[in-house]
Amino acid sequence: MKPSQRQIRLAGATPVAIALMLAGCGNSKSVSVIVAGRNENVRVGTTLGQAAARFEVRPAAGNLLDVKRNVIRRDAFPGSLLLNGRRAPAATRLKNGDRVGARRGHDRMEALRRERLPVRGGDPGNPQFLLARTPGVEMIVRGAISHELVSARFQPTLRRPIVERAVALTFDDGPSPIETPRVLAILRRLHVRATFFVVGYLVEHYPQLIALEQRDGMTIGNHTYNHPEVPPFAQLPPQLIRDEIALGAQSLIRVGIRPRLLRPPAGSYSPAVIRVANALGERVLLWSVDPADWSPGITARQIAARVLNAVRPGSIVILHDGGGDRTATIHALPRIIKGIRHKGLRLAGIPAD
């Protein structure tokens, strides 16, 4: 007996194709489709949307994210129904062998907002060695919805910084119950504002001296908690660098001062130190004139001469009100102040901004 054309077609077909041919021949009122890998029969004329609803094919929606990938709004971007692996309108009518699926909506990042903000007075630099500022603008990028900061970059508008006709006196390693009050008395009598970089554990021992500095209008900066010098501060493990800066800041915060300036011990800095300080809200400030007033046997006359021979407009002078006997520094201080003024330079505090 000769095989029919239908038998020939069935003999060479795949199981899925056989099922579809049999379904089409046996029941002209339905079509066979594939949903999530399963064969399902639906009535002729059924649309993609109707089949998705019947078989609970629900494409998940994507979320709107902020610039740090936190969710701002859930299910903000609908997913899509797929027909044979491609997006198709929900009203598309299904045919035998069609595959019904879904694709999740994509998460999308919020738009970015860019701003150019003039830096009033200019940027002092980080690290800062001089009383000088470079005019420019801050290039700010934020999330348009969350306002989260993406980046901040300073763009100078002049090549050379503007140097102040002023000199800043700074004092390290205090507070000292013996030396600091003597230094403050001279500054008060001669109407000078200075900057004190204080050591955290000494702040905890002598908070009344910090209050005295604050009362006299001095700027107070962070000089770390323990003042580690060996090995050099910048060579310490990153976590220890962070801990020293953070603990020094916390000692000041406990007495009501939020430090914005950091002077690392012995001026030892690196890009890593600057990054850590920035993350903690502090800027590194160093110096341009160092008379080495801590040297054994140095005299007041030598300290004053070293300072006055070196100061220029914009100089930052490092002196000490702690770390040992500072009698020579204290005796040199009035001569230093008068000599700077005699050069036509004013004495200025360092803004903490």
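Two strands pair if DSSP finds at least two bridges between them. The exercises below apply to a predicted model.

**Exercise 1.** Determine which residues of strand 1 and strand 5 have Val100 of strand 7 as bridge partner.

*Solution.* Step 1: strand 1 covers residues 30-35 and strand 7 covers residues 99-103; the two pair in the parallel sense over two bridges. Step 2: within this pairing, Val35 has Val100 as its bridge partner. Step 3: strand 5, residues 80-83, pairs with strand 7 in the antiparallel sense, over four bridges. Step 4: here Leu83 is bridged to Val100. Val100 is thus the bridge partner of Val35 and of Leu83.

**Exercise 2.** Classify Thr224 as buried or exposed, and describe its surroundings.

*Solution.* Step 1: Thr224 belongs to the loop between strand 16 (219-222) and helix 7 (238-253). Step 2: buried means under 20% relative accessible area; Thr224 has 0% relative accessibility and therefore counts as buried. Step 3: beyond its neighbours within four places in sequence, Thr224 contacts several residues, including Val198, Phe233, Glu244 and Leu262. Step 4: a polar atom of the Thr224 side chain lies 3.1 Å from the backbone nitrogen of His227.

**Exercise 3.** Locate Leu130, state its exposure class, and identify the surface patch to which it contributes.

*Solution.* Step 1: Leu130 sits in the loop between strand 9 (112-118) and strand 10 (132-133). Step 2: partly exposed lies between the limits of 20% and 50%; Leu130 counts as partly exposed because its relative accessibility is 36%. Step 3: together with Phe129 and Tyr269, Leu130 makes a nonpolar surface patch of about 250 Å².

Notes:
Residues numbered from 1 in each chain as written. Predicted model: local features only at pLDDT ≥ 70, side-chain atom pairs only at ≥ 80, totals over all residues. Heavy atoms only, no water. Patch = residues over 30% accessible without salt bridge, like charges linked within 9 Å, V, L, I, M, F, W, Y side chains within 5 Å. Areas by Shrake-Rupley, 256 points an atom, 1.4 Å probe, with all protein chains shown as cover. Salt bridge = Lys/Arg side-chain N within 4 Å of Asp/Glu carboxyl O. Buried < 20%, exposed > 50% of the residue type's maximum accessible area, 1.4 Å probe, protein only. Polar contact = N/O pair within 3.5 Å; in protein donor to acceptor, adjacent residues only side chain to side chain. Contact = heavy atoms within 4.5 Å.
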